[in-house]
Amino acid sequence: MENVRQYLGMKYNLVGVKILTEDVPQDELDELRPDVPKQYCQFVKEAALGKSFVFLEDDFSCPSPVVTLGFSEPVYIDIQPRISPAKTKAVKIGPTSEIKDPDVVLAILNPKQVMEVAILLDGIEAKFVGSMAVCGEGTARPYMENKPNVTFLCGGARIYGGYKDAEIILGTPLETFKKLSAKVEALSKTCGALCGCLTSDISPYVIEGLQGQGFEKRTDYFFGKVDDKNVRIYLNKDLSGRIDFITIHLPVKGEVKVDDPSLVVSTRGKWTDVISTHPMDGSIELETGKGLIEAIKHVISKVSI
Amino acid sequence: MEITEVLDIKGEVCPNTFVYTKIKLEDLAYSGGGILKVIIDHPPACENIPRSLKGEKINYELLEVNKIGNTYELLIKAPSVED
């Protein structure tokens, strides 16, 4: 899950929420029950900053989570969204590193980050009214409907919970969050795809090394000619920004035969792209260019028209 | 039943509904007590206002919850409290 946090550049921890329908052992209550009642949204913010809690029904200073989190059935009128039937005995929250198999994962995000998640999940439907927000819209709704929801919080969260104006919460069932994490993981290994990371923040030593081999720096790749063939070099970074893979891209006009199963071949209109990926294991040294031309020549040698 | 004061907070949502109600009830309690009629149109407030009164030091008493069209009226008794 941490890869999602890194990918989005999140300021806060992801918060795991576990709805417990069994009694919690006393020693765990002694350790994790809050000292004073607060609003659920306040506790979520504190969990996002690293604390863990176990709540019972009496631990909330706001009445909404008692019903929305399923501690108690409503008495006078039905309230939605809420966890029903109301069998909750305790709720455990904390950073996802501390909560095993949470039911719901909460992420405090800004709109751009929600947009990025929506792209990865092929869209998110948001249902919100600005009331009972973190407990109902952010936690109960994903729990009951088993799909993510975005809440723009409520007045209580904004005033008492300490949320900034640009902060909103994405509540996600665990399974959906795992899918999101897998997609981010796949994205980090797109060395075979021809979309390189921007070259603007690459070390000048690497740039000089590649230039020394005859490659020009472009926006997201380096371009050069080897044996009179056009060659592009993509430097693919991992989530922490380190160069993780090198991709050699040889575009060839027309159909080609490739005599090396390790090379990826794809067609693009009249062009055939032959792609070779290389981990940063020392076989190619970017600073000196050692091994690079040899690797490119190997690719060229395996391609015949 | 004689209504002492009316608090019309249609258009407000929680938590404002129960925050405004508790402020008004406290005023009423410290000025001789009485019955407050709270008018709301945010349904969850019917649950949240009574629940929010449970932890208060002053013993407020919920007398009635009535649905009237698209609004709800809560009658709450505030005892007289001396400063």
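The following exercises, each with a worked solution, concern a predicted model with chains A and B.

**Exercise 1. Overall form of chain A**

Determine whether chain A is spread out or compact, judging by its radius of gyration.

Solution.
Step 1. Begin with the secondary structure: chain A contains ten helices and 14 strands.
Step 2. Compare the radius of gyration with the globule rule. For 305 residues the rule gives 19 Å, and the value for chain A, 26 Å, is well over this, so chain A is more spread out than a compact globule.
Step 3. Examine the box along the principal axes, which is roughly 80 × 35 × 35 Å for the C-alpha atoms of chain A.
Step 4. Turn to the domain assignment, which divides chain A into domain 1 (2–188) and domain 2 (192–304). The C-alpha centres of these two domains of chain A are 44 Å apart.
Step 5. Add burial and contacts. Of the 305 residues in chain A, 38% are buried. Among contacts in chain A with a separation of 6 or more, 62% link residues 24 or more positions apart.

**Exercise 2. The six-stranded sheet**

State in what order the six strands of the open sheet in chain A are arranged, and which strands stand at the edges.

Solution.
Step 1. Read the order across the open sheet of chain A: E2-E3-E1-E4-E6-E5, with antiparallel pairing.
Step 2. Find the edges. Strand E2 (53–55) and E5 of chain A have a single partner strand each, so one side of each is left without a neighbour in the sheet.
Step 3. Note the twist, which averages 20 degrees from one strand to the next.
Step 4. Follow the pairs around E3(A). E2(A) and E3(A) run antiparallel and are joined by three bridges; here Phe53(A) is opposite Ile93(A). E1(A) pairs with E3(A) over six bridges, also in the antiparallel sense, and Ile19(A) has Val91(A) as its bridge partner in E3(A).
Step 5. Move to the pair formed by E4(A) and strand E6 (residues 168–173) of chain A, which is antiparallel and has six bridges. In this pair Leu109(A) faces Ile168(A) of E6(A).

**Exercise 3. Helices on the sheet and burial of E3**

Identify which strands are touched by helix H5 of chain A, and decide whether E3(A) is enclosed or open by counting its buried residues.

Solution.
Step 1. Start with helix H3 (residues 40–48) of chain A, which lies across strand E1 (15–20), E2, E3 and E4 of chain A and runs at about 35 degrees to E3(A).
Step 2. Continue with helix H5 (residues 111–120) of chain A. This helix packs on the sheet and touches E4, E5 and E6 of chain A, with a direction about 25 degrees from that of E6(A).
Step 3. Count the buried residues of E3(A): six of six are buried, so E3(A) is largely enclosed by the rest of the structure.

**Exercise 4. Backbone features in loops**

Classify Asp101(A) and Leu153(A) as buried or exposed, and locate the cis peptide bonds that precede Pro81(A) and Pro85(A).

Solution.
Step 1. Consider Asp101(A), in the loop between E3 and strand E4 (104–109) of chain A. Its phi is positive, near 45 degrees, although Asp101(A) is not a glycine. A residue with 12 or fewer other C-beta atoms within 10 Å is exposed; Asp101(A) has 7, so it is exposed.
Step 2. Consider Leu153(A), in the loop between strand E5 (149–151) and helix H7 (155–159) of chain A. Its phi is also positive, at about 70 degrees. The cut-off for a buried residue is 20 or more such neighbours, and Leu153(A), with 22, counts as buried.
Step 3. Locate the cis bonds. One joins Gln80(A) and Pro81(A), and another joins Ser84(A) and Pro85(A). In each of these bonds omega is about -5 degrees. Pro81(A) is in the loop between helix H4 (64–68) and strand E3 (90–95) of chain A, and Pro85(A) likewise lies in the loop between H4 and E3 of chain A.

**Exercise 5. The side of chain B that touches chain A**

Establish which helix of chain B gives the largest share of the side that touches chain A.

Solution.
Step 1. Count the residues in contact: 15 of chain B with 16 of chain A.
Step 2. List the helices of chain B that each supply at least two residues to this side: helix H1 (16–30) and helix H2 (44–53).
Step 3. Select the largest share, which is that of H2(B), with seven residues.
Step 4. Sort this side of chain B by class: nine nonpolar, four polar and two charged residues.

Notes. Residues are numbered from 1 along each chain as its sequence is written. Chains are lettered from A and ligands numbered from 1 in the order in which they are written. This is a predicted model: local features need pLDDT of at least 70, side-chain atom pairs count only at pLDDT 80 or more; totals for chains, interfaces and linings use all residues. Helices (H or I, at least four residues) and strands (E, at least two) are DSSP runs, numbered from the N terminus. The radius of gyration is taken over C-alpha atoms; the globule rule is 2.2 Å times the number of residues to the power 0.38. Two residues are in contact if their C-beta atoms, placed from the backbone, lie within 7 Å. Ala, Val, Leu, Ile, Met, Phe, Trp, Tyr, Cys and Pro count as nonpolar, Asp, Glu, Lys and Arg as charged, and the others, Gly among them, as polar. Two strands pair if DSSP finds at least two bridges between them. Axes are lines fitted to C-alpha atoms, for helices over the stretch in contact, and angles run from 0 to 180 degrees between N-to-C directions. Domain bounds come from an automatic or database domain assignment.
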